[in-house]
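Q: I'd like to learn how to read a ligand site and the helices around it. Could you walk me through one?

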Amino acid sequence: THQWRGIIEEYRDRLPVSDTTPVVTLREGGTPLVPAQVLSERTGCEVHLKVEGANPTGSFKDRGMTVAISKAKEAGAKAVICASTGNTSASAAAYAVRAGMVSAVLVPQGKIALGKMGQALVHGAKILQVDGNFDDCLTLARALSENYPVALVNSVNPARIEGQKTASFEIVDMLGDAPDIHILPVGNAGNITAYWKGYKEYAADGVATRTPRMWGFQASGSAPIVRGEVVKDPSTIATAIRIGNPASWKYALAARDESGGVIDEVTDREILRAYRLLAAQEGVFVEPASAASVAGLLKAAEQGKVDPGQKIVCTVTGNGLKDPDWAVAGAPQPVTVPVDAATAAERLGLA
Ligand code: F0G
């Protein structure tokens, strides 16, 4: 009978809702903060993983979407629209169902993971594949929301940021204070903006005694913030963060500079190495983009930039089941055996 109620009810006094706001929720948030044993050993730090793939649609987007869709419903919207590399569209589609609204999603053609496409389809979203990248999709979504009766639920909608900041609250509530360093993957830069806002609010109200340094990592082929210029044709295997012109660019810089943090890049090879380490050594299966945070931690540690003894939280943003191709690729095919215990034992190396 004591179930987590979703982020709006759990953090109502810190969110832009009133008694008359219809709460559209799938009981998102309340995700595990998992001690990472191998990463802690490697870095000499106390490393935790905030496992956002445990949200109802499998990513952190649900935190923002419960607020964005509740506010859209309160305002009388009948339809919502978003541009997406996949997770936002899956989340928008699911929450629109709960709200009795129509969802429209714009995705870059051929560049979203199959699991995410399946989610948008099964939740009944109207999907357009755009002949362009995520940045083009967002331009189109903004234009449509300005000219037609449809509410934009990308992270340029402030309600999204408000919802996503609750992840910082949960971390401080669990650890008793803010960590020394918080590490995130960066794509459109909404999430690093939201986490920083959450940490600042808790510190301002004395719930936490301090704020962490914010470390963000982009994929090398899609690293406009690191380069200081728009990337026209972004590329990376981490399709969720294949973004060349982040909407929250200036807020990401503010999070970096105000917190004394960094925004750096990791290569696809480093992302995949972290992806495999998380699954094979920590027992946490994430999608490739999510592993950028951990790849960044390992890179910084190898460069001697991580002093031992610190408390570090890495957000892993999405579930591995979203994009299982990378789990299967390069792995040995399982062998087939007859229904025979002796043969099975031998093949399993038990005999
Ligand atoms: N990790 C995952 C799994 C994501 O889906 C995203 C963004 C990010 C990290 C980066 O977060 O954009 O706030 O910096 N996905 C968006 C989408 C763009 O459409 O699903 P960000």
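**Reading the ligand site**

A: Happily! A good start is the shell of residues around the ligand; in this predicted model, 18 residues surround the ligand, and the closest are Ser84, Gly187, Asn188, Ala189 and Thr317.

Q: Which helices supply at least two residues of the shell around the ligand?

A: Two helices do so here: helix 4 (87-99) and helix 9.

Q: How far is an oxygen atom of the ligand from polar atoms of Ser84, Asn87 and Asn188?

A: For polar contacts, look for pairs of N or O atoms within 3.5 Å. The side chain of Ser84 has an N or O atom 2.8 Å from a ligand oxygen. Asn87 also places a polar side-chain atom 2.8 Å from an oxygen of the ligand. With Asn188 the partner is a polar backbone atom, 2.7 Å from a ligand oxygen. As for cover, the protein hides 99% of the 480 Å² of accessible area that the ligand has on its own.

Q: Where does the ligand sit?

A: The ligand lies in the largest cavity.

Q: How do I read helix 9, and how many of its residues are buried?

A: In general, an α-helix has 3.6 residues a turn, so residues three or four places apart point the same way. Helix 9 spans residues 190-204 and reaches 21 Å from its first C-alpha to its last, close to the 21 Å expected. Mostly covered, helix 9 has 11 of its 15 residues buried, among them Asn191, Tyr195, Trp196 and Tyr199.

Q: Which residue with a positive phi follows helix 9?

A: That is Gly206, whose phi is near 75 degrees.

Terms used: Residues numbered from 1 in each chain as written. Predicted model: local features only at pLDDT ≥ 70, side-chain atom pairs only at ≥ 80, totals over all residues. Heavy atoms only, no water. Helix = DSSP H or I, 4+ residues; strand = E, 2+ residues; numbered from the N terminus. Expected span 1.5 Å × (residues − 1). Buried < 20%, exposed > 50% of the residue type's maximum accessible area, 1.4 Å probe, protein only. Near = heavy atom within 4 Å. Polar contact = N/O pair within 3.5 Å; in protein donor to acceptor, adjacent residues only side chain to side chain. Areas by Shrake-Rupley, 256 points an atom, 1.4 Å probe, with all protein chains shown as cover. 1 Å grid on protein atoms, 1.4 Å probe; cavity = no way out; pocket = protein on both sides within 12 Å on 5 of 7 lines; lining within 4 Å. Sits in = over half its atoms within 2 Å of the grid points.
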